[in-house]
Amino acid sequence: MPHWSVYTGRNEPHDGIDDLPAPPPWRAFDGGPALPPPHDGDDATAVSPDRVHRAKSYVATEESVRLVNAALCLRRPLLVTGPPGTGKSSLAYAVARELRLGPVLRWNITSRSSLADGLYQYDPLSRLYAAREERGGVEDHLRLGPLGTALLPYGRPRALLVDEIDKSDLDLPNDLLNVLEEGQYEIPELVRAARHSDDGAAEVLADGTDTPVAVRRGRVRCRAFPFVVLTSNGEREFPPAFLRRCVRLKLRRPGRDQLTHIVRAHLATPNGDADRLITRFLERASGGELATDQLLNALYLTGVAGLDVESRDDLAEQLMPYLSAAADGDGF
């Protein structure tokens, strides 16, 4: 593998991110001083047990490994498209776990999401009430969002998942362009407050933690560009300028071999129905969305002791209703 391929996809945590080559001259950032990683544990990818499990059991393809490394080396966002259930969001957790990038910062996009939501949240009403009582400063009423936290000057890149960006309004991708290109942003409330401060320093809370971080003069500039994963179900087109600044990965529906690897990764020793159910799954779902989660749920429950053949058939049809659309009467 090329010397810059620090991500292997083998789910074995390591410190290879420290060996990442210097960035291209046009993607070098100098924010500082460098902040330490928020957590050094192998499983510090999320507080949810589901996400930790998915990070450990994620099955990476050769193409995904290659393009993840390209995004890391070029310091560019990774735009991941594909049908639901193909592991778009799980990829971010798997990379963060293997490269020990700390907890994944997650920004779930809706039609109402704006750039400001991702950068920081400010509560002017609580600030007003506090000012009447002459207590606290503006920083006490401000918290960085997931994007704003990812761009702090960490010594190692943070992992940021911008989930389902195709659900955003038309302006958000373009609004993201400047921030992701420059790797920096301003907090106007802190910029104004800095005029009345000797050193212009303020301590604000970062996303997902109660530990304050220092922001000087209201300006944040990254040091290590974050590993940014933007997921899309392919439901819309993005502006050409936005696409040019992303490394693009298209995940396809898994075939038999990959499904078998996924099942084994999640259910170390799957029950004897696995091969038959995978076959039925591929045959009946070929015309629609492959809901891999439903396959795993069915295999797990059919492995529970005491279930007879009829019960296993009923479970499969309830958990994966498309199997019964062309049922041939022979169970799975």
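## A salt bridge between E164 and K167

At 40% relative accessibility, K167 counts as partly exposed in this predicted model, and E164, at 24% relative accessibility, falls into the partly exposed class as well. These two residues form a salt bridge with each other, in which the closest N and O atoms are 2.7 Å apart. Elsewhere, salt bridges that share partners bring D15, D18, R100 and R156 together in one network.

In total, the structure holds twelve salt bridges. As a general point, side chains of opposite charge can pair when their charged atoms come close.

## Salt bridges that link distant parts of the chain

One of the salt bridges is made by R76 and E181, whose closest N and O atoms lie 2.8 Å apart. This pair links distant parts of the chain, since R76 sits in the loop between α2 (62-74) and β1 (78-81), while E181 belongs to helix α7 (residues 172-182), and the two are 105 residues apart. R76 counts as buried because its relative accessibility is 16%, and buried means under 20%. E181, with a relative accessible area of 23%, is partly exposed.

A further salt bridge joins the side chains of D163 and R106, with a distance of 2.7 Å from N to O. Here too the pair links distant parts of the chain: D163 lies in strand β5 (residues 159-163) and R106 in strand β2 (residues 105-108), with their positions 57 residues apart in the numbering. Is D163 buried or exposed? At 12% relative accessibility, D163 counts as buried, whereas its partner R106, at 25% relative accessibility, counts as partly exposed.

## The nonpolar cores

Turning from charged side chains to nonpolar ones, the largest nonpolar core has 41 residues, and the members that touch the most other members are L144, L147, L176, L230 and F242. Helix α7 gives the most to this core, contributing five residues. This is the helix that also holds E181, the salt-bridge partner of R76.

Which residues does F242 contact, leaving aside its neighbours within four places in sequence? With those neighbours left out, F242 is in contact with L79, I165, P173, L177 and L230; of these, L230 is itself named among the core residues that touch the most other members. Apart from the largest core lies another core, this one of 30 residues, which includes Y58, L72, L91 and V104.

Notes
Residues are numbered from 1 along each chain as its sequence is written. This is a predicted model: local features need pLDDT of at least 70, side-chain atom pairs count only at pLDDT 80 or more; totals for chains, interfaces and linings use all residues. Side-chain values use heavy atoms; hydrogens and water are left out. A salt bridge is a side-chain nitrogen of Lys or Arg within 4 Å of a carboxyl oxygen of Asp or Glu. Helices (H or I, at least four residues) and strands (E, at least two) are DSSP runs, numbered from the N terminus. Buried means under 20% relative accessible area, exposed over 50%, partly exposed in between (1.4 Å probe, protein chains only). A nonpolar core is a set of buried Ala, Val, Leu, Ile, Met, Phe, Trp, Tyr and Cys residues joined through side-chain atoms within 4.5 Å. Contact means heavy atoms within 4.5 Å.
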